[in-house]
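Here are my notes after going through the model you sent. Have the structure open while you read them.

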Amino acid sequence: MRFFCISIMLFIVGLLGPSLALADAANLITGPNAAEEPHTVLSVHQQFQYKDKHNRDTPKGTLEGFFNAAYEQDFELASQYLDLRYLPENMSKEKGPEYATMLQAIIDRNVWINLDELDDTPQGANNDSLPSYRDVFGRIKVESGEVMLLLQRVPSDKRSIWKISNATVAKIPELYSQLGYGPIVEWFVETIPEGRLFKINLWEWALLLTYLLAAFVIVIPMTWLIKLVLLKSSLSLKVELGYIVSGPLRFFLAVVLDRAWIAQSSISPLALEAINTGFLLLISVIWLVWSSLGIMSAGLKQRLIAQEHQQGASLLGPLTNFVRVIFIAIAFLVWLEFLGFNASAIVAGMGIGGVAIALASKQSIENFIGTITLYSAAPIKVGNICQFGSIKGTVEEIGLRCTQIRTLDRTLIHVPNAKLAEMEIENISEREKIRFKADIRLDYLTRSEQLKAIISDITGMLENHELIDEDPLRVTFQGFGLHGLQVNIFAYVGTTSFPTYQKVAQELHLAIMDIVETHGSRIIPVAPIAAKI
């Protein structure tokens, strides 16, 4: 009956003129007081002074009130922001809280609304190609096209107010069937207690945690079987491969599977924005690549050692660490780009601050350059026995910052590479043979014939020894010393093994003593005891 009366009135007004008909139609829909309200212009720093108890005087106040009520889980109050008049026959006003719940879920999942962009005047926006009594606050893409979410000015007791249009409310059930929560999410919504943590619903946190645990439940048995097969294989690095499969690879697969589920989940954009930072994926990728580079380095090191390329094998450790650092830096910059930062500007800023960093890390840069010098010139290698100034020991590792030296006392010394590159290094391991030198003093009672025989026998003994090189080889009478007849013995032992040299030197010294005693002479000390007294 009411629709019939309105139609008759519109027909009569239509006879008086199109402009009058449009003005009266707006009055009928929005209320008689709407046309009488003066136009209010607010500056950007002003806020409308709401008169309605629910702040429904303006489009912005209506949506802000609706979102606040939905955030507090008060959907009875949220339904007060819906225009529940003239709904289809299959919908009823009593289900307003249910429609408010559905609408909040639809908006959370599909629309990002910036309240600061909404009009905060009673007249609403006037540049949106819509009637003056309607404003659009969002658009949603569906299978059939695009649906506009509308606000509408409706009559109230004393003035017109804004509500979410009944045309939009009528579409809520259909939109929720396409864009709302699925049965699994609805179970979480109904089961998990109401509440929020960091502005995200508790049921969303529970759903995300369930996704992650489910991903590990699927990935763990799969990676365990792969590890079992690897450990039973004949691969040389099966233990290291098993660690990667059960560690970084397992974590990476679980994170990827979890992200795939989250992408298809029904959580809100706010929750997605809060958790979709890519942090877990960044950590998993860095861990996986870090471990993979380590096992690649180990495999290549085994091959180089088998080919007797010790220097290349020792270089792999620092080179692998350098590649790891570069990869972490690149991964971090890519992650910053993903978060919305300008990585190129960050790199440029780092370039500007590079001078200060270089000055602060001058010693580290010097050590790195020293490392390059040690590897390029290769004065020492891992395993070499060297004399570094007053330090003598075995090179155990040439790192990016310092070199580790194991002394003869089995202590470990770390020498900075910058300092080591400037040292005079005596590489004992690089000698192709070891010098044997002995200076003996014979008693002055030794006759000339005895001395000649001693020199001849010592020379023959050296020439007949299998480890003594034939040239150079000298046994000479150097002259008359203060305390005795000086005889110099010089030869080379054909070995690079110091323990072997020590055994040969012992044999030679004992043989020299026997020769001297055989010819009736004796070896005297540097200074006789009587002289010391």
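1. The side chain of Asp135 comes within 2.9 Å of the backbone nitrogen of Ala125, which fits a polar contact (N or O atoms within 3.5 Å, one able to donate a hydrogen and the other to accept it; residues adjacent in sequence count only if both atoms are side-chain atoms). Asp135 sits in strand 1, residues 134-142, strands being DSSP runs of E with at least two residues and helices runs of H or I with at least four, numbered from the N terminus. With a relative accessible area of 4%, Asp135 is buried; the cut-offs are under 20% for buried, over 50% for exposed and partly exposed in between, using a 1.4 Å probe and protein chains only.

2. What else does Asp135 touch, leaving out residues up to four places away in sequence? Among its contacts (heavy atoms within 4.5 Å) are Pro59, Asp119, Gly124, Asp128, Leu149 and Trp162. Asp119 is 16 residues from Asp135 along the chain, and their C-alpha atoms are 8.7 Å apart.

3. Before going further, some ground rules. This is a predicted model, where local features need pLDDT of at least 70 and side-chain atom pairs count only at 80 or more, while totals for chains, interfaces and linings use all residues. Residues are numbered from 1 along each chain as its sequence is written, and side-chain values use heavy atoms, without hydrogens and water.

4. On confidence: pLDDT (the predictor's confidence in each residue, from 0 to 100) averages 79 over the protein chain, and 81% of the residues score at least 70. Helix 2 (residues 18-30) is lowest, with a mean of 35, and strand 13 (residues 485-493) is highest, at 92. Residues 1-39 are below 50, and that stretch has 35 contacts in the model beyond near neighbours in sequence. Residues 528-533 also stay under 50, with 2 contacts beyond four places in sequence. Where pLDDT is low, please don't read the predicted coordinates in detail.

5. Overall, the protein chain has 20 helices and 13 strands, and 36% of its 533 residues are buried. Of the contacts between residues at least 6 apart in sequence, 63% join residues at least 24 apart.

6. The largest nonpolar core (buried Ala, Val, Leu, Ile, Met, Phe, Trp, Tyr and Cys residues joined through side-chain atoms within 4.5 Å) has 43 residues, with Phe66, Leu82, Ile107, Phe137, Ile164 and Val169 making the most contacts inside it. Helix 5 (residues 96-110) supplies the largest share of this core, 7 residues. Another core lies apart from it, with 27 residues, including Leu442, Leu473, Ile489 and Ile515. Back at Ile107, the residues touched include Phe66, Phe137 and Leu149.

7. Now the backbone oddities. Most residues other than glycine have a negative phi, and most peptide bonds are trans. The bond from Asp471 to Pro472 is cis, with omega near 0°, and Pro472 is in the loop between helix 18 (448-464) and strand 12 (474-480). Tyr86 is not a glycine, yet has a positive phi of about 50°; it lies in the loop between helix 4 (75-78) and helix 5. Arg410 has a phi near 70° and belongs to the loop between strand 8 (402-407) and strand 9 (412-416).

8. Are those two positive-phi residues buried or exposed? Tyr86 is partly exposed, at 42% relative accessible area, whereas Arg410 counts as exposed at 57%.
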